[in-house]
Amino acid sequence: QVQLVESGGGLVQPGGSLRLSCAASGFTFRSYAMWWYRQAPGKERELVAAISSDGDGTNYGDSVKGRFSISRDNAKNTVYLQMNSLKPEDTAVYYCKAVVGFPGLNYWGQGTQVTVSS
């Protein structure tokens, strides 16, 4: 079965950096695009970044452009989110998502908490 396991969250000061990882299993990882989303308390889940199956195409939410970078290692079945210049408003639970099969079904990880605070 499809499993997505995020890691790398934690508490960081404003201006700091974190790298999140999402380890995937149960499907042919290299064949599918991947997404990172986040959800802050009281807010809707929002798209953070997306990456194509081969890693050549990426897309970012407006609030993180220029600060965050998505990448993937298809040999390790892992997608990453490098987060730099973190701000308190980046505080949220971060989730990775895969859309697998036809028609595509959404699969989500359990999320990892990122807290940006001094």
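Start by selecting Cys-22 and Cys-96: the two form a disulfide, with their sulfur atoms 2.0 Å apart. Keep in mind as you go that this is a predicted model.

**Stop 1: the disulfide**

No need to hunt for others, since the structure holds one disulfide. Now colour the strands and see what this pair joins: Cys-22 belongs to strand 3 (residues 18-25) and Cys-96 to strand 9, so distant parts of the chain, 74 residues apart, are linked. As a reminder, a disulfide is a covalent bond between the sulfur atoms of two cysteines. Zoom in on the S-S bond of Cys-22 and Cys-96; the torsion about it is about 50°, which makes the disulfide right-handed. Are these cysteines buried or exposed? Switch on a surface to check: Cys-22 is buried, at 0% relative accessible area, and Cys-96 is buried too, with a relative accessibility of 0%.

**Stop 2: the rings around Trp-108**

Next, show the aromatic side chains. Across the whole structure, a search finds four aromatic pairs. Select Tyr-37 and Trp-108, an edge-to-face pair whose centres are 5.1 Å apart and whose planes meet at 65°. Tyr-37 sits in strand 4 (residues 34-39) and Trp-108 in strand 10 (residues 105-108), so their pairing ties together parts 71 residues apart in sequence. Tyr-37 counts as buried, at 16% relative accessibility, whereas Trp-108 is partly exposed, at 34%.

Leave Trp-108 selected and add Tyr-95. Here the ring centres of Tyr-95 and Trp-108 are 6.3 Å apart with the planes at 90°, so this pair is edge-to-face. Tyr-95 comes from strand 9 (residues 92-100) and Trp-108 from strand 10, so the pair ties together parts that are 13 residues apart in sequence. Tyr-95 counts as buried because its relative accessibility is 13%, and the cut-off for buried is under 20%.

**Stop 3: an aromatic cluster and a charge**

Now move to Phe-27, Phe-29 and Tyr-32, which form one aromatic cluster. Keep Phe-29 in view and select Arg-72. What lies over the face of Phe-29? Arg-72 does, at 4.3 Å from the ring centre.

**Stop 4: a lysine over a tryptophan**

For the last stop, select Lys-97 and Trp-35. The charged end of Lys-97 sits over the Trp-35 ring, at 4.8 Å from its centre.

Key
Residues are numbered from 1 along each chain as its sequence is written. This is a predicted model: local features need pLDDT of at least 70, side-chain atom pairs count only at pLDDT 80 or more; totals for chains, interfaces and linings use all residues. Side-chain values use heavy atoms; hydrogens and water are left out. Rings of Phe, Tyr and Trp (its six-membered ring) pair if their centres lie within 6.5 Å; planes under 30 degrees apart count as stacked, over 60 as edge-to-face and the rest as tilted. Helices (H or I, at least four residues) and strands (E, at least two) are DSSP runs, numbered from the N terminus. Buried means under 20% relative accessible area, exposed over 50%, partly exposed in between (1.4 Å probe, protein chains only). A charge sits over a ring if NZ of Lys or CZ of Arg is within 6 Å of the ring centre and within 35 degrees of the ring normal. A disulfide is a pair of cysteine sulfur atoms within 2.5 Å.
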